[in-house]
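Thank you all for making time for this. I would like to walk you through one model slowly, beginning with a single residue and working outwards from there, so please have a look at the sequence and the structure first.

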Amino acid sequence: MTALQDSPEPADPPQRLGMLLAWHGSVAQTRMKKALSAAGLTPRHAMTLTHLADGPISQRALAERLEVDPSVLVGILNDLEGGGLAERRRDPADRRRHNVAITDAGTSALAKTNEALDAVELGLFAGLSDQEQDLLRGLLGRIDSHAEDFACGE
């Protein structure tokens, strides 16, 4: 027997954590986009409706919450209004300001979206306990990422 035959099999090299995160992120994003498109929404539309679910909000505050340029938000809101999912109204206290509200149709679309996303997440995280999911959520929250680093591919 040679020395090579006596040595244990070499272990797989550790995977680069950033590449591993990117791979799983791409898979999750693909699954979530499919679920959202089945509900007739894009990720930005769904996120906007989610923020509107708590009640009317000024257009400026909504742009800040979504971390998008106000001009980008105008396009999102035009789409949502066109679909009857949200509406902009002048603020009675300040006619220069618009408040944005979700409509009944938007609430219904958001409920369908949440059901579809719940199913995706059940599949993605089926191998993790509730405690492990909480741990993952906490670890992901500590990753150094910023909205300005994000490029939405919609």
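Let me start with Leu-62, which, once its neighbours within four places in sequence are set aside, is in contact with Thr-48, His-51, Leu-52, Ile-57, Leu-73, Leu-77 and Val-100. I should say at once that this is a predicted model, and that everything I describe is computed from it. Leu-62 sits in helix H4, and with a relative accessible area of 0% it counts as buried, because buried means under 20%. One of its partners is Leu-73, which lies eleven residues away from Leu-62 in sequence, while their C-alpha atoms are 8.2 Å apart in space.

With that residue in mind, we can step back to the chain. The protein chain has seven helices and three strands, and if you read along the sequence they come in the pattern α-α-α-β-α-α-β-β-α-α. Of the 154 residues in the protein chain, 23% are buried, and the accessible surface of the chain comes to about 11,200 Å², with 55% of that surface belonging to carbon and sulfur atoms. If we take the contacts between residues at least 6 apart in sequence, 51% of them join residues that are at least 24 apart.

Now to the helices. Two packed helices are described by the angle between their axes and the distance between the axes. How do the axes of helix H4, residues 59-66, and helix H5, residues 70-82, cross? They come within 10 Å of each other and cross at roughly 105°, and since angles of 65 to 115 degrees count as roughly perpendicular, that is the description that applies to H4 and H5. On the H4 side the contact is made by Gln-59, Leu-62, Ala-63 and Leu-66, and on the H5 side by Pro-70, Leu-73, Val-74 and Leu-77, so that Leu-62, our starting residue, belongs to this contact. Sorted by class, the contact of H4 with H5 has seven nonpolar residues and one polar residue, with no charged residues.

H5 also meets helix H3, residues 43-52, where the two axes come within 10 Å and cross at roughly 85°, and H3 and H5 are therefore roughly perpendicular to each other as well. Here the residues are Arg-44, His-45, Thr-48 and Leu-49 of H3, together with Val-72, Ile-76, Leu-77, Asp-79 and Leu-80 of H5, and they divide into five nonpolar, two polar and two charged.

Two further residues deserve a moment. Ser-58 is found in strand E1, residues 57-58, and at 12% relative accessibility it counts as buried. The side chain of Ser-58 reaches the backbone nitrogen of Ala-61 at 3.0 Å, and, leaving aside neighbours within four places in sequence, Ser-58 is in contact with Arg-97, His-98 and Asn-99.

My last residue is Glu-67, in the loop between H4 and H5. Is Glu-67 buried or exposed? Its relative accessible area is 56%, and because exposed means over 50%, Glu-67 counts as exposed. Its phi is near 55°, which is a positive value in a residue other than glycine.

Note on methods: Residues are numbered from 1 along each chain as its sequence is written. This is a predicted model: local features need pLDDT of at least 70, side-chain atom pairs count only at pLDDT 80 or more; totals for chains, interfaces and linings use all residues. Side-chain values use heavy atoms; hydrogens and water are left out. Helices (H or I, at least four residues) and strands (E, at least two) are DSSP runs, numbered from the N terminus. Buried means under 20% relative accessible area, exposed over 50%, partly exposed in between (1.4 Å probe, protein chains only). Contact means heavy atoms within 4.5 Å. Accessible areas come from the Shrake-Rupley method with a 1.4 Å probe; for residues, only the protein chains shown count as cover. Axes are lines fitted to C-alpha atoms, for helices over the stretch in contact, and angles run from 0 to 180 degrees between N-to-C directions. Angles under 35 degrees count as roughly parallel, over 145 as roughly antiparallel, 65 to 115 as roughly perpendicular and the rest as oblique. Ala, Val, Leu, Ile, Met, Phe, Trp, Tyr, Cys and Pro count as nonpolar, Asp, Glu, Lys and Arg as charged, and the others, Gly among them, as polar. A polar contact is a pair of N or O atoms within 3.5 Å; within protein, one must be able to donate a hydrogen and the other to accept it, and residues adjacent in sequence count only if both atoms are side-chain atoms.
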